[in-house]
Amino acid sequence: MMFCKLEIFIPESHLKLLQETLRECDAGHIGSYDSCMSYSHVVGTWRPLEGTKPYSGTAGTISEEPEIKAEVTCRIDDIDEIIAAVKKIHPYEEPVINAIPLIRTGLQ
C-alpha cells in the first residue's frame, strides 16, 4: 500500500472543521489510531490579483496572515476524495494542499 502526506494551509478558525473532515475520510488513520494529524503555526503571504475574491486581503496588495499548516498521512488511493472534501470546507478561493508521496512510513 502506498501513502502520501498532505500539507494543508488553512486559517486557525477552520482547524476543528478540517480535523472532522479528515476523520470522515479516514485520513490520518495509522494502525489502531485515527485522527492522527500534526499542525504548526505559520505565516502565509499572497497577493490577490484583479478579479479574485480573497478570503483575506485586497487585490494588488501583498497580504501576510497567520495560518495553520496541517500535516496528515493518507493512502494514495484515497487522495482525490480527501482533497475534494477538504476543498468543500476550505474558505480560500485557491487553497494550498500539497500531496507528497512517501517512500517509507512506520506503516510499511
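The following exercises, each with a worked solution, concern two helices and two glutamates of a predicted model.

Residues are numbered from 1 along each chain as its sequence is written. Local features need pLDDT of at least 70, side-chain atom pairs count only at pLDDT 80 or more, totals for chains, interfaces and linings use all residues, and side-chain values use heavy atoms, with hydrogens and water left out.

**Exercise 1.** Determine which residues of helix 2 are buried and where they lie around the axis.

*Solution.* Helices (H or I, at least four residues) and strands (E, at least two) are DSSP runs, numbered from the N terminus. Buried means under 20% relative accessible area, exposed over 50%, and partly exposed in between (1.4 Å probe, protein chains only).

Step 1. Helix 2 spans residues 79-89, and its buried residues are Ile 79, Ile 82, Ile 83, Ala 85, Val 86 and Ile 89.
Step 2. These residues cover an arc (taken from the directions from the helix axis to the C-beta atoms) of only 160 degrees, which puts them on the same side of helix 2.
Step 3. Asp 80 and Lys 88 are exposed on the face turned away from that buried side.
Step 4. The cover over the buried residues includes strand 1 (3-10), helix 1 (15-24), strand 3 and strand 4 (97-102).

**Exercise 2.** Carry out the corresponding analysis for helix 1.

*Solution.*
Step 1. Leu 15, Leu 18, Thr 21 and Leu 22 are buried in helix 1.
Step 2. Their arc around the axis is only 120 degrees, so they fall on the same side of helix 1.
Step 3. Lys 16 and Glu 24 are exposed on the other side.
Step 4. Strand 1, strand 2 (38-46), strand 3 and helix 2 pack against the buried residues of helix 1.

**Exercise 3.** Describe the surroundings of the side chain of Glu 67.

*Solution.*
Step 1. Glu 67 belongs to strand 3 (residues 63-75).
Step 2. Glu 67 is buried without a salt bridge, that is, a side-chain nitrogen of Lys or Arg within 4 Å of a carboxyl oxygen of Asp or Glu.
Step 3. The nearest side chain of opposite charge, Lys 69, is 11 Å away; Lys and Arg count as positive and Asp and Glu as negative, while His and the chain ends are not counted.
Step 4. The side chains of Glu 67 and Tyr 92 form a polar contact of 2.7 Å. Such a contact is a pair of N or O atoms within 3.5 Å; within protein, one must be able to donate a hydrogen and the other to accept it, and residues adjacent in sequence count only if both atoms are side-chain atoms.

**Exercise 4.** State why Glu 7 counts as buried, and identify its polar partner.

*Solution.*
Step 1. Glu 7 lies in strand 1.
Step 2. Glu 7 counts as buried because its relative accessibility is 12%.
Step 3. Its side chain makes a polar contact of 3.4 Å with the side chain of Lys 69.

How values were computed. Contact means heavy atoms within 4.5 Å.
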